[in-house]
Amino acid sequence: MSSQKELIDSFKKVCICRSIKAGTIMSAIRDGSLSFEALRRKIGVGTGNCKAKRCRSNIEKRIKDYKDGQKEEVETPAT
Ligand code: FES
């Protein structure tokens, strides 16, 4: 993902109930919160009125994409 896209994405509200933006979620993931439960404890995602019905799948996808990105970095030999 290009950095401009990342910047635009970071302003999107992912957890609508708690008004938690993608940027907050992504930095918590980078800090090591690599599960939905860990993110819930750290930044409170999924604790709003919908009880994570609206945000859980989006957040889990972000965790998965982050982990996949990490794997690629390890597997791709530096040139
Ligand atoms: S959108 Fe996250 S708890 Fe409702």
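Which residues does Lys13 touch, not counting residues up to four places away in sequence? The legends below start there and then move through the rest of this predicted model.

**Figure 1. Lys13 in strand β1.** Lys13 belongs to strand β1, which covers residues 13–15. Leaving aside residues up to four places away in sequence, Lys13 touches Ser19, Ile20 and Lys21. A little further along the chain comes Gly23, 10 residues from Lys13, and the C-alpha atoms of this pair are 8.8 Å apart. Is Lys13 buried, exposed or partly exposed? Lys13 counts as partly exposed because it has 13 C-beta neighbours inside 10 Å, and a residue needs 20 or more to be buried.

**Figure 2. The whole chain, for orientation.** Here is the setting for the close-ups. The chain contains 4 helices and 2 strands, and they follow the pattern α-β-β-α-α-α along the sequence. Its C-alpha atoms fill a box of roughly 50 × 25 × 20 Å, taken along the principal axes. Of the 79 residues, 14% count as buried. Among the contacts with a separation of 6 or more, 42% join residues 24 or more positions apart.

**Figure 3. Helix α2 against helix α3.** Two packed helices are described by the angle between their axes and the distance between the axes. For α2 (residues 22–30) and α3 (residues 36–43), the angle is about 115 degrees and the axes are 10 Å apart. The two helices are therefore roughly perpendicular to each other, and their crossing is right-handed. To find the contact in the structure, look for Thr24, Ile25 and Ala28 in α2, which meet Leu39, Lys42 and Ile43 in α3. By class, this contact has 4 nonpolar, 1 polar and 1 charged residues.

**Figure 4. Helix α2 against helix α4.** Now turn to the other partner of α2 shown in these views. How do the axes of α2 and α4 cross, and within what distance do they come? They cross at roughly 45 degrees and come within 11 Å. The helices α2 and α4 are therefore oblique to each other, and α2 passes α4 in a right-handed crossing. On the α2 side, the contact is made by Ile25, Met26 and Ile29, and on the α4 side by Ile59, Arg62, Ile63 and Tyr66. These residues divide into 6 nonpolar, no polar and 1 charged. Ile25 may look familiar: it takes part in the contact with α3 and in the contact with α4.

**Figure 5. Helix α4 along its length.** Helix α4 runs through residues 56–75, which makes 20 residues. From its first C-alpha to its last, α4 reaches 28 Å, close to the 28 Å expected at 1.5 Å a residue. How many of the 20 residues of α4 are buried? The count is 1, so α4 is hardly covered.

**Figure 6. Lys51 and Ala52 in the loop between α3 and α4.** Most residues other than glycine have a negative phi. Lys51 has a positive phi of about 55 degrees although it is not a glycine. Ala52 has a positive phi too, near 75 degrees. Lys51 is found in the loop between α3 and α4, and so is Ala52. Lys51 is exposed, because 11 other C-beta atoms lie within 10 Å. Ala52, with 17 C-beta neighbours inside 10 Å, counts as partly exposed.

Note on methods:
Residues are numbered from 1 along each chain as its sequence is written. This is a predicted model: local features need pLDDT of at least 70, side-chain atom pairs count only at pLDDT 80 or more; totals for chains, interfaces and linings use all residues. A residue is buried if 20 or more other C-beta atoms lie within 10 Å of its own, exposed if 12 or fewer, and partly exposed in between; C-beta atoms are placed from the backbone. Two residues are in contact if their C-beta atoms, placed from the backbone, lie within 7 Å. The expected span of a helix is 1.5 Å times one less than its number of residues. Axes are lines fitted to C-alpha atoms, for helices over the stretch in contact, and angles run from 0 to 180 degrees between N-to-C directions. Angles under 35 degrees count as roughly parallel, over 145 as roughly antiparallel, 65 to 115 as roughly perpendicular and the rest as oblique. A crossing is left-handed if the near helix is turned anticlockwise from the far one by less than a right angle, and right-handed if clockwise. Ala, Val, Leu, Ile, Met, Phe, Trp, Tyr, Cys and Pro count as nonpolar, Asp, Glu, Lys and Arg as charged, and the others, Gly among them, as polar.
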